[in-house]
Amino acid sequence: MCGIVGYIGSKPVADILLDGLEQLEYRGYDSSGIAVKTETSINVYKAEGKLNNLRSELALHSDEFNKSNMGIGHIRWATHGAPTVVNAHPHTCNCGSLVVVHNGIIENYKELRLELESEGCIFKSQTDTETVAHLVALMYAEVKDLTKAVQLATKKIQGAYALCIMHNNEPDKIVVTKRNAPLIIGLNDDGYYIASDVPAFIKHTKKAVYLNDNQVATLSAKDFILEDENGFEISPKIEVLPWEPVALSKMGYKHFMLKEIHEQPDVIRNILVGKLHTPDSQIILNEVKLNKDTLKNLNRIQVIACGTSLHAAMIGKYIVEDFCGIPVDVEASSEYIYRKTVTDEHTLVIGVSQSGETADTLTAIKQSKARGSHILIITNRPDSAMAREADSLIPVNAGIEVSVAATKSYIAQLTSFYLLAIYMAEIKGSMSVSELVNLKAEMLLLPQKIEQILSNKTVIQDCARKFASTRDFIYIARGINYPTALEGALKLKEISYINATGYPAGELKHGPIAMLDETMPVLSILMKGFVYEKLLSNSEEAKARNARMIALTNSNDPKLNDLFEVIIKVPEVIEVLSPIVAMIPLQLLAYYIAEFLGKDVDQPRNLAKSVTVE
Ligand code: M6R
């Protein structure tokens, strides 16, 4: 997490840094800071909280730096040390001559700190990053060359880092390096841009160099030298980014989350274009690079992901097993990486990630790749680190998702999973023609069905108002919608901070039912199909314990009127596609509850959009 930016060139630096940081706010937003080089010194400005606080702080000092053309900046998601001004980056050495911003975690920071303190370094913060400032400064005192000092210092550092460093004695130099954290340099006639991610500089240039691990770049206003960790020069690979600057606008919606929820019909339409034309045409999925014989004979798939993407993966398991008869294991990446997983060249490993950057999933992918598995990545960021590891890459094309709570990327991941599963079923011949035609016809209708839900939100808003003051919330479902219950609960807890939990309804009686009383809302995801009657019985059991019952259903069953206090209706849909339709009201319910509670919907506390630390 955290975002870093830098600029050296001919333009005034402060706005470039601040605009860049604004584009990186999805990486963290608990504090921020910049350092700019003036004629005589390096000035550091920091603020706690959102970036606007830094803007206000800077407005008081603009005369100090308005001529500066060189600086670095940081937006933080706290790992070591509370989100305070003291812990905000940039961090400095004892005398303030050297400044550093860092994304990642220095794992041996405690040992380094003890060693540095014994050499006279005085620490001001509780961060791991400050060790880098002192360490590089000590090296600099010996070698009097910032690039060499960085090369020497990074040999002593363990962990993950992207670093951007300036020294007051080197007035035309920024040195950057990285290991297991992203760092990109943008090249333009006016100078060089540095960032954790492309959006920070795309409005200035599309020419860029992605740094590889352990490479060190030395940037001056007119020059750029790339070296390995031992000082051997490397010729940089300059890429032209396939990106257009996007003006991130809420388009009249109060929050990005609400806008992104409303984009979902078009997200599905965009995914289907070129892949699914008519119910009787075959799925086209050229992105899958496994040859057809290998696909036909696959006997195992593993899917790894985190958070919302994990819930999409769980639904992926249901549909791949159902359509193709191939066993699928799904696991949270953070668990997968710390056990002896059985993966080999006969296993297809699918990584699912909105950002393509999540550290746990990236590590898991690298581990399975090293064991010879074919890696298929489903991501919203085809330019991401995970995409670079992929043998097959399915971009979900949901467009930039700004709100921390994932909505449209989830629906895009699900849609992509349906296409993949149908594509594999067609190759394997594991579904009948009539089943396939029916399924594809229903898929083509999904955007309209979502539009119907979005055009009448009154019942959901009323429900949100009714339950906004609850402390806990339970979601129950069975079968393919069990992950929908988990995702509904995740949406609610992350933006409203209500203690929400999803259960497979059959599990209620094995413990959770003890919590039910007249204060507990239980939302039952009752989609017509195989498990409908079973779930109805589980809902009766909850009602018998006086729980406040809410139904999310596509059924007109009159029995529901007696059982449920609130009934949220969705259009008819076949059971296997119901997770897409059912999710929309749950996103809206979470949104309106958070909104009624006055929460910071798009940037909930303690979270970041991209989780780049383990
Ligand atoms: O970028 P990823 O899909 O890999 O991110 C995984 C999770 O961090 C993410 O889904 C998180 O749970 C969202 N905030 C959920 O809304």
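Me: What makes the pair formed by an oxygen atom of the ligand and the side chain of S309 a polar contact?
Reply: Happy to walk through it! In this predicted model, the ligand oxygen lies 2.5 Å from an N or O atom in the S309 side chain. A polar contact needs a pair of N or O atoms within 3.5 Å, so this pair qualifies.

Me: What makes the pairs at T308 and A406 polar contacts, and which part of each residue takes part?
Reply: Here the backbone does the work. A polar backbone atom of T308 is 3.0 Å from an oxygen atom of the ligand, and for A406 the distance from a polar backbone atom to a ligand oxygen is 2.8 Å. Both values fall within 3.5 Å, so both pairs count as polar contacts. As for cover, the ligand taken alone exposes 410 Å², and the protein buries 91% of that.

Me: How do you know which residues belong to the shell around the ligand?
Reply: A residue is near the ligand if one of its heavy atoms lies within 4 Å of it, and 14 residues surround the ligand on that basis. The closest are S309, S353, Q354, T358 and E494. By class, the shell holds five nonpolar, seven polar and two charged residues.

Me: Which helices supply at least two residues of that shell, and which gives the most?
Reply: Those are α10 (307–324) and α17 (482–496). The top contributor is α10, with three residues.

Me: Why is the space lined by M1, C2, R76 and others called a cavity?
Reply: The name cavity means that a 1.4 Å probe fits there but cannot get out. The structure holds four cavities of 30 Å³ or more, and this one is the largest, with a volume of about 70 Å³. Its lining also includes W77, H89, H102, D128 and V613. By class, that lining has five nonpolar, five polar and two charged residues.

Me: What makes the second largest pocket a pocket rather than a cavity?
Reply: A pocket is an open set of points with protein on both sides within 12 Å along at least five of seven lines, whereas a probe in a cavity cannot get out. The second largest pocket has a volume of about 790 Å³. Of its 35 lining residues, N180, A181, P182, L362 and A385 are closest to its centre. Elements giving two or more residues to the lining are β6 (98–106), β7 (159–167), α12 (359–370) and α13 (385–389).

Me: Which element has the largest share of that lining, and how do the classes divide?
Reply: That would be α12, with four residues. The lining of this pocket comprises 14 nonpolar, 10 polar and 11 charged residues.

Key. Residues are numbered from 1 along each chain as its sequence is written. This is a predicted model: local features need pLDDT of at least 70, side-chain atom pairs count only at pLDDT 80 or more; totals for chains, interfaces and linings use all residues. Side-chain values use heavy atoms; hydrogens and water are left out. A polar contact is a pair of N or O atoms within 3.5 Å; within protein, one must be able to donate a hydrogen and the other to accept it, and residues adjacent in sequence count only if both atoms are side-chain atoms. Accessible areas come from the Shrake-Rupley method with a 1.4 Å probe; for residues, only the protein chains shown count as cover. Ala, Val, Leu, Ile, Met, Phe, Trp, Tyr, Cys and Pro count as nonpolar, Asp, Glu, Lys and Arg as charged, and the others, Gly among them, as polar. On a 1 Å grid over the protein atoms alone, a cavity is a set of points where a 1.4 Å probe fits but cannot get out, and a pocket is an open set with protein on both sides within 12 Å along at least five of seven lines; lining residues have an atom within 4 Å of a point. Grid points are joined across faces, edges and corners, and a volume is the space filled by probe spheres set on the points.
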